[in-house]
Amino acid sequence: MTTTYKNFIAGQWVAPSTDAWFENRNPADQDDLIGLFPASGAADIDAAVASARRGFEIWKRTPAPARGDVLRRVGDLLASRKEELADIMTREMGKPLAETRGDVQEGIDTAYYAATEGRRLFGHTVPSELANKWAMSMRRPIGVCGLITPFNFPLAIPTWKAFPALLCGNAVILKPAEDVPHTSTVLVEILLEAGLPPEVIQLVHGMGEVVGKALVEHPHVPVISFTGSTETGRFVGETCGRMHKRLSLEMGGKNAQIVLDDADLDLALDGVLWGAFGTTGQRCTATSRLVLQAGIHDAFVARLTERAKGLRLGDGRKAGTDVGPLVSEAARAKVERYIEIGTQQGASLVCGGARAVGGALDRGFFFQPTIFTNVTAGSRLDQEEIFGPVLSVIKVRSAEEAFAVNNGVRYGLSSSVYTSNVNVAFRALQELDNGITYVNAPTIGAEAHLPFGGVKETGNGHREGGWEVYEFYSETKVGYVDYSGALQRAQIDNY
Ligand code: NAD
């Protein structure tokens with residue numbers, strides 16, 4: 001019996017107005033149908049916005065520490081359902097259980113951080129320029145927030161957005177990626193079980209070009225937070241700009257790991273294998289370029305190739321799997337196109353380069369871990385986000401040249417440098433044009449309590465995570481109280 005899932009709108013689980021549904025299948029095994037999910041329409045977004053506006057009126061008046069208490073219970077419930085959620089995620093997007101457990105943990109950490117923020121949400125008290133006058137700033141909720149999320153962190157990314165938005169007193173409409181609708185369904189169940197008033201959260205499933213677009217274009221959704229590709233983010237940004245919406249964009253990456261001649265090579269090797277092939281290369285922070293200094297280049301490539309060939313592909317729910325499938329056939333076809341492009345542009349394929357087939361692998365979207373060497377700065381392998389298990393190796397002569405290669409792309413999410421020279425490490429922190437730089441660690445591994453995001457075409461200046469995201473989801477208001485009993489005119493004849 002196929003399970004049919006619903007939207008959550010106006011406090012109820014409801015079928016979409018379209019009466020249309022889409023299938024959610026396991027990318028490791030296309031015979032495994034997870035369920036049918038709503039292919040909603042613009043009318044469902046209208047209903048969700050109407051409900052969220054009612055929810056906002058209740059929630060914005062709930063004291064922030066009480067809102068935080070709800071989020072603490074959410075953290076507890078996520079922790080108690082960690083294994084179940086990890087399994088749901090692996091089944092619908094493919095990455096191994098160890099990684100989806102980490103995805104859940106990030107949600108738990110984000111919930112507990114949000115819970116404590118309920119007792120901070122600091123404003124400032126500032127001396128006034130006038131006698132007997134009080135000056136202060138405070139934080140206010142904004143309204144209905146539309147959250148549009150990608151497939152690769154099915155739980156963590158919705159929590160990065162929803163928890164701070166809710167803690168700040170906003171109502172939320174979540175539009176998850178169509179590849180991973182099951183995880184966010186359980187997330188909404190948990191929010192409700194934790195005591196969130198029903199109309200404060202809405203879940204609308206469906207295609208990005210239909211419901212995502214309708215959400216972005218809705219006049220009563222003043223805040224949009226989008227994570228996904230730079231191409232989609234551009235559309236979203238154009239609409240939000242025209243409509244004067246507050247917008248956070250987290251988009252593509254082309255992240256480099258730099259290994260200099262003086263690096264600990266064993267450490268760098270473990271780092272690049274995890275950074276490049278973890279999540280099948282489908283992390284926004286995945287290592288897609290390896291920049292090697294000439295002195296260690298050949299020996300490092302030899303060791304790396306050998307290790308990459310030993311990675312075990314398979315169903316992420318089975319013990320021993322290192323690398324799961326790509327999320328979809330379209331994603332695999334894109335990777336395949338880049339094998340052709342790389343070869344045409346003169347790069348040398350030293351590992352992988354083809355679909356992984358045979359036995360159970362035939363039922364999923366598997367692709368061999370792939371390494372290209374002789375990649376030149378400026379070529380398409382160096383410049384374009386592939387979002388799959390493809391690593392491009394670029395040889396450089398010096399740290400300066402490595403920094404220039406890192407910076408020579410339109411993206412700027414994360415970077416990493418392996419060196420034993422502390423001076424070079426600090427120069428890298430200063431010189432690399434990224435939102436995150438790791439020293440002697442791979443390009444992946446953000447922590448929930450620090451700001452996360454990128455520069456250039458990766459983002460638009462906002463950050464998720466940590467303390468900064470609370471500024472995005474709240475409006476600053478200034479209050480003056482004049483207790484002098486007289487008319488005092490600021491900036492005029494006071495001195
Ligand atoms: P995507 O852009 O295809 O989809 C992201 C979301 O946008 C989905 O929910 C989708 O339904 C929706 N969408 C699609 N068209 C839309 C439209 N016209 N209007 C509104 N919404 C629309 O991205 P994806 O394939 O799910 O994720 C992969 C991309 O996400 C990669 O580029 C990756 O780098 C990026 N990403 C970035 C970060 C970050 O923090 N910088 C994190 C994770 C993923």
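This is a short tour of one sheet, the helices packed around it, and a few single residues worth a click.

Before you start, keep in mind that the model is predicted: local features need pLDDT of at least 70, side-chain atom pairs count only at pLDDT 80 or more, and totals for chains, interfaces and linings use all residues. Residues are numbered from 1 along each chain as its sequence is written, and side-chain values use heavy atoms, with hydrogens and water left out.

**Stop 1: the sheet**

Select the seven strands of the open sheet, in the order E14-E15-E16-E13-E12-E18-E19, and you'll see mixed pairing. Helices (H or I, at least four residues) and strands (E, at least two) are DSSP runs, numbered from the N terminus. Two strands pair if DSSP finds at least two bridges between them. Which strands stand at the edges? They are E14 (348-351) and E19 (436-439); each has a single partner strand, so one side of each is left without a neighbour in the sheet. On average, and ignoring direction, neighbouring strands here are turned by 25 degrees against each other.

Now zoom in on E18 (residues 414-418), which runs parallel to E19 and is joined to E19 by four bridges. Click Ser416 to find one of the bridge partners: Tyr438 in E19.

**Stop 2: helices on the sheet**

Next, select H9 (residues 265-277), which packs on the sheet and touches E12 (255-259), E13 (287-293), E15 (370-373), E16 (390-396) and E18. Contact here means heavy atoms within 4.5 Å. The direction of H9 makes about 170 degrees with that of E12; axes are lines fitted to C-alpha atoms, for helices over the stretch in contact, and angles run from 0 to 180 degrees between N-to-C directions. Then add H11 (residues 329-344), which lies across E14, E15 and E16 and runs at about 20 degrees to E15.

**Stop 3: H9 against H10**

Keep H9 on screen and show H10 (294-309). The two helices pack at an angle of about 50 degrees, with their axes 10 Å apart. H9 and H10 are therefore oblique to each other (under 35 degrees counts as roughly parallel, over 145 as roughly antiparallel, 65 to 115 as roughly perpendicular and the rest as oblique). For side chains to display, try Leu269, Leu273 and Phe277 of H9 with Phe300 and Leu304 of H10, which are among the contact residues. How do the contact residues divide by class? There are 10 nonpolar, no polar and four charged. Nonpolar covers Ala, Val, Leu, Ile, Met, Phe, Trp, Tyr, Cys and Pro; charged covers Asp, Glu, Lys and Arg; the others, Gly among them, are polar.

**Stop 4: H13 beside H14**

Move to H13 (residues 399-407) and H14 (residues 422-431), packed at about 25 degrees with axes 11 Å apart. That makes H13 roughly parallel to H14. At the contact, Ala399, Glu400, Phe403 and Asn407 in H13 meet Val424, Arg427, Ala428 and Glu431 in H14. By class, that's four nonpolar, one polar and three charged residues.

**Stop 5: single residues**

The structure holds 32 salt bridges, each a side-chain nitrogen of Lys or Arg within 4 Å of a carboxyl oxygen of Asp or Glu. One to pick is Arg317 with Asp87, at 3.0 Å, N to O. This pair links distant parts of the chain, 230 residues apart: Arg317 is in the loop between H10 and H11, and Asp87 is in H3 (residues 82-93).

Last, check some backbone angles. Most residues other than glycine have a negative phi. Phe387 has a positive phi of about 65 degrees and is found in the loop between H12 (380-383) and E16. Lys456, in strand E20 (residues 455-456), also has a positive phi, near 55 degrees.
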